[in-house]
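Subject: Structure handover

Hello,

Here is the structure I promised to send over. My notes follow below it.

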Amino acid sequence: MAQKPAIPKGTRDFGAKEMAGRNYIFDTVRSVFKKYGYTPLETPSMENLSTLLGKYGEEGDKLLFKILNSGDAFAGVEPQMLQNSNALAMKVCEKGLRYDLTVPFARYVVQHHSELAFPFKRYQIQPVWRADRPQKGRYREFYQCDVDVVGSDSLLNELELVQIADEVFGRLGINVCIKLNNRKVLFGLCDVMGHPDKMVDITVAIDKIDKIGLDAVKEELVERGIDESAIRILEPVLLMQGSAEEKLEAIGGVLASSETGLKGVAELKELFSLIRSAGIRTGVEIDLSLARGLNYYTGAIFEVKALDFTIGSICGGGRYDNLTGIFGLAGLSGVGISFGADRIYDVLSGLGKFPDDAIEGSRALFANMGREEVKALLPLAASLRDAGINCEIYADSVKLKKQFDYADRKGIPFMIIIGESEVASHTANVKNLSTGEQKTVNQSELVDFLLCAEK
């Protein structure tokens with residue numbers, strides 16, 4: 001017996017219902033991105049592995065899907081390469097699936113620098129891949145909806161991203177909190193802790209605080225070589241409560257000896273001032289435990305959490321000053337934010353927030369009553385489609401019960417029956433499959449009848 005087909009763990013098929021919901025999300029975010037002057041971009045699913053490695057930190061490198069070279073990929077592999085996974089990967093894999101959309105965007109900016117007008121604003125809606133352990137809200141293949149601007153240091157760009165998040169989640173009807181921090185503040189903390197060289201170790205650990213809790217974070221910090229006296233400086237910062245102003249005042253005192261840390265505090269104060277002036281409706285708060293573990297962030301960092309549904313962050317991003325410099329073009333600062341379409345779908349589905357009109361299937365099914373009857377209804381079907389009413393004709397002339405079953409399984413709300421007598425009288429029998437009500441209407445009035453019935 002043949003093995004039942006399956007798909008890899010962490011991936012999913014999307015049927016008509018799921019695709020309708022996903023397209024609703026994509027259309028919503030795309031319309032907001034365009035409203036703020038961002039233009040579309042797409043990049044290849046695969047990048048040269050050299051483009052991806054070293055951009056996401058040690059843990060990120062482990063999660064890259066690497067594509068084995070064609071042919072005898074392991075020819076010429078030397079024994080010492082087996083001791084270094086990156087060295088081995090670079091030998092047997094020239095390409096990898098993209099981990100996010102930001103690094104490919106930076107590569108694109110450098111590659112096409114002479115063709116672009118700066119500041120360059122783009123949005124990108126495409127899938128990414130991570131070799132992660134699948135669990136609720138975490139997939140190996142998932143879509144990101146990114147919006148970035150590169151070539152400007154202005155905090156007005158950060159404000160604009162907060163405004164975009166505010167409007168997107170307002171339109172989707174998801175109650176969220178936007179959390180902010182600044183990587184300069186985190187560097188300042190590492191500095192006053194006496195471990196400025198341990199920035200990556202410290203931020204990777206505290207970025208897990210929501211998942212594993214404070215005690216586990218402290219244990220991991222010790223494992224990473226952070227002494228107890230340094231952790232005692234960090235712990236009250238991670239637990240800090242109060243308003244944004246109170247937190248910023250308190251952290252400013254902690255970072256009094258760190259020039260970089262105080263610059264981060266100043267940036268957060270200015271950004272909050274802009275947010276208050278802009279009248280953002282969504283709750284925005286300072287979260288000093290927010291780290292965003294990716295190495296390329298250098299300034300403001302964002303994260304959005306759903307308040308009424310338990311899941312990880314559904315949106316996140318930040319400022320990156322050096323990303324294009326990695327590809328040979330220094331001096332271009334950028335900032336961006338990414339909406340996780342798959343987690344947003346899970347939230348909307350879990351809360352029952354998808355609108356009824358998000359379903360994109362047929363609104364009417366013409367019954368197939370025979371060859372001559374079908375010829376007569378073809379112009380009617382065309383008139384419905386011209387009026388924006390999705391419809392279809394059942395392909396085979398079979399018993400009506402089978403045709404009704406088909407409409408029911410597809411969730412088609414109206415069945416239109418035109419038999420020999422209806423052809424002669426230029427009428428149509430329209431049955432509402434949800435109520436069971438049936439009416440006979442003139443064929444010339446069929447479009448108006450269905451349009452009214454859908455309201």
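What is the mean pLDDT of the chain, and what percentage of its residues reach 70 or more? The mean is 90, and 96% of the residues reach 70 or more. Bear in mind that this is a predicted model. Among the elements of the chain, strand β1 (residues 39-40) has the highest mean pLDDT, at 98. Helix α4 (residues 85-92) has the lowest, at 72. Where pLDDT is low, the predicted coordinates should not be read in detail.

Now the sheet. It is open and has 5 strands. Their order is β13-β12-β14-β15-β16, with mixed pairing. β13 (391-393) and β16 (438-442) are the edge strands, and each pairs on one side only. On average, neighbouring strands are turned by 25° against each other, direction ignored.

Within this sheet, look at β14 (residues 414-417) and β15 (residues 427-432). They run antiparallel and are joined by 4 bridges. Phe414 stands opposite Asn432 in β15.

Helix α18 (residues 446-454) packs on the sheet. The helix touches β12 (364-366), β14, β15 and β16. Its direction makes about 160° with that of β14.

One loop residue is also worth a look. Asp132 lies between β5 (120-129) and β6 (141-150). Is Asp132 buried or exposed? Its relative accessible area is 17%, so Asp132 counts as buried, the cut-off being under 20%. Leaving aside residues up to four places away in sequence, Asp132 touches Leu63, Arg138 and Arg140.

Best wishes

Definitions and conventions
Residues are numbered from 1 along each chain as its sequence is written. This is a predicted model: local features need pLDDT of at least 70, side-chain atom pairs count only at pLDDT 80 or more; totals for chains, interfaces and linings use all residues. Side-chain values use heavy atoms; hydrogens and water are left out. Two strands pair if DSSP finds at least two bridges between them. Helices (H or I, at least four residues) and strands (E, at least two) are DSSP runs, numbered from the N terminus. Axes are lines fitted to C-alpha atoms, for helices over the stretch in contact, and angles run from 0 to 180 degrees between N-to-C directions. Contact means heavy atoms within 4.5 Å. Buried means under 20% relative accessible area, exposed over 50%, partly exposed in between (1.4 Å probe, protein chains only). pLDDT is the predictor's confidence in each residue, from 0 to 100.
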